[in-house]
Amino acid sequence: MPDFNQGTIQALFEAWQVHSLAALESMTGGQARVEQFEQEAPGADDLVWREHQLQIKQPVSIWIGLPRAVRQALGAQVLSAAGVEEPSPEDSEGTVDEILGQCISGIARSLSASLNFEVTSVAAGESPPPDPTAHTFRFILGEREFAPVAVVFSQLAQALEDSLAVASAPDTAL
């Protein structure tokens with residue numbers, strides 16, 4: 001489990017990798033990998049952005065952006081592993097939304113364990129991030145590599161740092 005007390009952004013990277021991998025493997029029943037990708041993400045205008053909110057004292061957002069073609073191809077491959085031969089683009093994209101939702105729920109569970117209070121998650125819908133500075137990852141299913149996934153953690157990282165600072169502050173009450 002990622003240690004959120006040691007390098008918040010690195011812990012978010014690790015949580016993203018662990019939970020997206022678990023979601024991919026559970027839905028495909030096969031070998032999958034999730035790697036941090038050093039290449040810049042596609043331009044923000046070329047991505048379909050999904051906002052997910054986590055409730056940590058107040059709502060904070062994570063944005064995940066993928067090109068529509070990647071959403072459809074990734075979803076189709078996952079559905080194919082489940083025996084669906086010709087999924088519609090809508091079904092394929094809905095499958096990707098399910099994978100992302102499972103990943104964010106896993107991150108919320110990890111945060112709950114680290115912060116000692118419940119963190120809940122909600123898919124907020126399609127919405128671009130206010131700051132498109134993203135970290136990139138790539139999904140690999142079997143031998144197939146998909147274009148980079150852009151993930152914006154900035155709001156969440158700041159909220160975590162604030163929560164951890166409050167939790168570790170000495171009690172000054174007399």
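In this predicted model, R33 has a relative accessibility of 36%, so R33 counts as partly exposed. That value falls between the 20% and 50% limits that separate buried from exposed. R33 does not stand alone: its side chain meets that of E35 in a salt bridge, with 3.2 Å from N to O. E35 is partly exposed too, because its relative accessible area is 24%.

Follow E35 a little further and you will find another partner. The side chains of E35 and R138 also meet in a salt bridge, here with an N to O distance of 2.9 Å. E35 belongs to strand β1 (residues 32-37) and R138 to strand β5, so this pair ties together parts that lie 103 residues apart in sequence. R138 has a relative accessible area of 16%, and therefore R138 is buried. In general terms, side chains of opposite charge can pair when their charged atoms come close.

Strand β5 is also a good place to turn from charges to rings. The structure holds two aromatic pairs. In one of them, the ring centres of W16 and F137 are 5.9 Å apart and the planes meet at 45 degrees, so the pair is tilted. W16 sits in helix α1 (residues 8-28) and F137 in strand β5 (residues 135-141), which means that the pair ties together parts 121 residues apart in sequence. Both W16 and F137 are buried.

W16 pairs with F139 as well, and this pair is stacked, at 6.5 Å centre to centre and 25 degrees between the planes. Here again distant parts of the chain are linked, with W16 in helix α1 and F139 in strand β5, 123 residues apart. How accessible is W16? W16 counts as buried because its relative accessibility is 0%. F139 comes out at 1% relative accessibility, so F139 counts as buried. Taken together, the ring pairs link W16, F137 and F139 into a cluster.

Let us now move to helix α2, which covers residues 68-81. This helix has 14 residues and reaches 20 Å from its first C-alpha to its last, close to the 20 Å expected at 1.5 Å a residue. Which residues of α2 are buried? They are V70, R71, A73, L74, G75, V78 and L79. Just after α2 comes G83, where phi is positive at about 95 degrees.

One of the buried residues of α2, R71, deserves a second look. R71 has a relative accessible area of 2%, so R71 is buried. R71 forms a salt bridge with D97, and the closest N and O atoms are 2.8 Å apart. R71 lies in helix α2 and D97 in helix α3 (residues 89-115), so the pair ties together parts that are 26 residues apart in sequence. D97, with 23% relative accessibility, therefore counts as partly exposed.

The contact between R71 and D97 has company. R50, R68, R71, E93 and D97 are linked in a network of salt bridges. Across the whole structure there are seven salt bridges, including the one between R33 and E35 and the one between E35 and R138.

Note on methods
Residues numbered from 1 in each chain as written. Predicted model: local features only at pLDDT ≥ 70, side-chain atom pairs only at ≥ 80, totals over all residues. Heavy atoms only, no water. Helix = DSSP H or I, 4+ residues; strand = E, 2+ residues; numbered from the N terminus. Expected span 1.5 Å × (residues − 1). Buried < 20%, exposed > 50% of the residue type's maximum accessible area, 1.4 Å probe, protein only. Phe/Tyr/Trp six-rings, centres within 6.5 Å; stacked < 30°, edge-to-face > 60°. Salt bridge = Lys/Arg side-chain N within 4 Å of Asp/Glu carboxyl O.
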